[in-house]
Amino acid sequence: WNQPRPLVEKRSRRRLTHHLCHAAAPAPASQSSNKKHRVVFLGTPEVAATVLQRLLTAARQPDSQFEVSRVVSQPGKPKGRGNKSVPVPTPVELEAQGAGMVSGEQIWCPASAKDPAFLEALRQLQPDLCITAAYGNILPQAFLDIPALGTLNIHPSLLPKYRGAAPVQRALCDGVTETGVSVAYTVLKCDAGPILAQQKVDVDPDIQAPELLQDLFAKGATLLLEALPRVLEGQGPQLSSPQDEQQATHAAKLTREEAHLDFSRPALSLHNTVRGFAGWPGTSASFVLRDKNTGSLEAMSIKVVRTRALDSDIGLYKHLQSEAGPHSASEPVSGQQGMPVMWDPDTGDMLVPCQGVGSVLRVCVVQPPTKKAIAARDFRNGLRQKEVCLAS
């Protein structure tokens with residue numbers, strides 16, 4: 001970490017105590033030289049990097065009214081098994097670097113948006129507008145008071161529905177058929193500010209969280225750019241509508257404890273969980289492998305990567321089970337335990353009985369322990385003389 005630079009000439013002896021990325025912020029450039037509105041972008045993951053790319057492209061246009069003066073992201077985290085003392089930049093920081101911005105100068109990575117040195121640097125910059133997209137840090141009132149035109153956030157839900165940390169994931173877990181994206185002003189209360197723009201989106205029954213997130217943030221970037229000229233003219237508050245607090249719902253952060261699949265639940269509910277938890281933390285399920293020759297049993301937990309829930313699979317499962325005859329696995333002890341998994345003869349997908357064959361979950365892609373994700377048919381081919389049954 002480098003020592004920070006002075007903010008202004010008169011404070012040449014006064015140093016920022018907090019490291020902003022790899023160094024501290026330099027003195028802000030004069031706005032009078034180009035008379036463009038200063039915009040500060042805050043974001044962290046890949047979906048936010050896509051939004052930043054769109055903003056940077058728009059800012060480079062000859063008739064652009066704004067410039068992206070600074071980019072703010074969370075500090076990079078060590079990854080891999082190598083030198084863990086070296087942080088890996090976030091996708092947003094990498095996107096900004098690729099656009100010629102310099103870490104520690106135009107790119108800031110404070111550990112907290114509440115850091116006094118970060119807030120002072122932002123005040124010195126005097127931004128007109130701040131834009132956030134999946135930044136991941138709570139913005140204090142001291143931050144919100146700085147930009148003259150406020151702070152806009154791209155939130156991937158139809159606010160006031162699914163406020164909070166995991167709106168797309170929770171919406172998919174709930175099995176919604178329609179969602180959307182909102183561009184709203186940020187206030188101190190989480191995702192509760194006036195809505196500037198919204199777009200509804202139909203939800204494909206098999207789409208997963210990473211795919212839907214990417215689509216919603218892309219649409220959100222378009223909404224933002226369409227509204228930006230009027231926002232920079234100061235019309236944003238008049239164009240915005242307050243949220244209906246009576247309709248607000250909360251989208252809590254996902255936990256690993258929720259990620260285990262319980263096959264006593266309906267197949268559609270499990271399918272929606274797999275969709276919502278795709279990426280992180282993913283979903284897993286417990287099975288028992290029975291050796292057909294020796295009868296020995298082996299417990300196995302595998303990650304369930306991609307599924308489907310089709311009504312027609314109930315009949316297919318029962319047909320395959322009747323053709324197989326009395327299965328050689330031990331009889332069910334209670335509920336689901338010991339029930340056999342069937343395999344679609346055409347696709348090789350796993351057909352997992354749920355609710356005592358009240359429904360069937362079609363498992364298309366799995367990830368065995370210590371291995372990469374593979375098609376279910378390839379997983380079966382590796383089992384040789386073993387059959388798969390439900391562990392519980």
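Biologist: How many residues does the largest nonpolar core have, and which of them have the most contacts inside it?

Modeller: The general idea is that in soluble globular proteins nonpolar side chains tend to be buried together. In this predicted model, the largest nonpolar core has 49 residues, and those with the most contacts inside it are F41 and V68. Helix α6, which spans residues 209–232, gives the most to this core, with twelve residues.

Biologist: Which residues does V68 touch, if I leave out those up to four places away in sequence?

Modeller: With those neighbours set aside, V68 touches V39, F41, L52, L55, L56, A59 and M101. There is also a second, separate core, made of 31 residues, and among its members are F263, F287, L320 and L383.

Biologist: I would like to learn how to read one helix. Which residues of helix α2 are buried?

Modeller: A helix is best read around its axis, because an α-helix has 3.6 residues a turn, so residues three or four places apart point the same way. In helix α2, residues 91–98, the buried residues are V92, E93 and A96. These three cover an arc of only 100° around the axis, which means that they are on the same side of α2. The elements that cover them include β1 (37–43), α1 (46–59), β2 (66–72) and β3 (107–108). Just after α2 comes G100, which takes a positive phi of about 95°.

Biologist: Now let us turn to charged side chains. How many salt bridges does the structure hold?

Modeller: The structure holds twelve salt bridges, and two questions help in reading each of them: where the partners lie along the chain, and whether they are buried or exposed. Take D215 and K219, which form a salt bridge with their closest N and O atoms 2.7 Å apart. Both lie in helix α6, four residues apart, which is about one turn of the helix. D215 is partly exposed, with a relative accessible area of 27%, and K219 is partly exposed too, at 25%.

Biologist: Where do the partners lie in the pair of E258 and R170?

Modeller: That pair links distant parts of the chain, 88 residues apart, with E258 in the loop between β9 (250–251) and α8 (267–277) and R170 in helix α5, residues 167–173. The closest N and O atoms of E258 and R170 are 2.9 Å apart. E258 is partly exposed, with a relative accessible area of 30%, whereas R170 counts as buried, because its relative accessibility is 15% and the cut-off for buried is under 20%.

Biologist: What do E387 and R290 tie together?

Modeller: The side chains of E387 and R290 meet in a salt bridge of 3.8 Å, N to O. E387 lies in strand β16 (residues 386–390) and R290 in strand β10, so the pair ties together parts that are 97 residues apart in sequence. E387 and R290 are both buried. A further case is a network of salt bridges that links D313, D344, D349 and R362.

Biologist: Which residues are in contact with V288, leaving aside its neighbours within four places in sequence?

Modeller: V288 has its place in strand β10, residues 283–291, and counts as buried at 19% relative accessibility. With those neighbours left aside, V288 is in contact with L297, E298, E387, V388, C389, L390 and A391. For one of these, E387, the C-alpha atom is separated from that of V288 by 8.2 Å, although the two residues are 99 apart along the chain.

Biologist: How should I read strand β14, and which strands pair with it?

Modeller: A strand is read through its partners and its burial. Strand β11 (residues 297–308) pairs with β14 in the antiparallel sense over five bridges, and K303 has Q367 in β14 as its bridge partner. Strand β13 (residues 350–354) also pairs with β14 in the antiparallel sense, over five bridges, and there the bridge partner of V352 is L361. Strand β15 (residues 374–375) runs antiparallel to β14 and is joined to it by two bridges, with A375 as the bridge partner of V365.

Biologist: How many residues stand between the strands in the hairpin of β13 and β14?

Modeller: That hairpin has four residues between the strands, and Q355 takes a positive phi near 55°. The hairpin of β14 and β15 has six residues between them, and T370 in its turn has a positive phi of about 65°. As for burial, seven of the nine residues of β14 (residues 359–367) are buried, so this strand is largely enclosed by the rest of the structure.

Technical notes
Residues numbered from 1 in each chain as written. Predicted model: local features only at pLDDT ≥ 70, side-chain atom pairs only at ≥ 80, totals over all residues. Heavy atoms only, no water. Core = buried A, V, L, I, M, F, W, Y, C linked by side-chain atoms within 4.5 Å. Buried < 20%, exposed > 50% of the residue type's maximum accessible area, 1.4 Å probe, protein only. Contact = heavy atoms within 4.5 Å. Salt bridge = Lys/Arg side-chain N within 4 Å of Asp/Glu carboxyl O. Pairing = 2+ DSSP bridges. Arc of directions from axis to C-beta.
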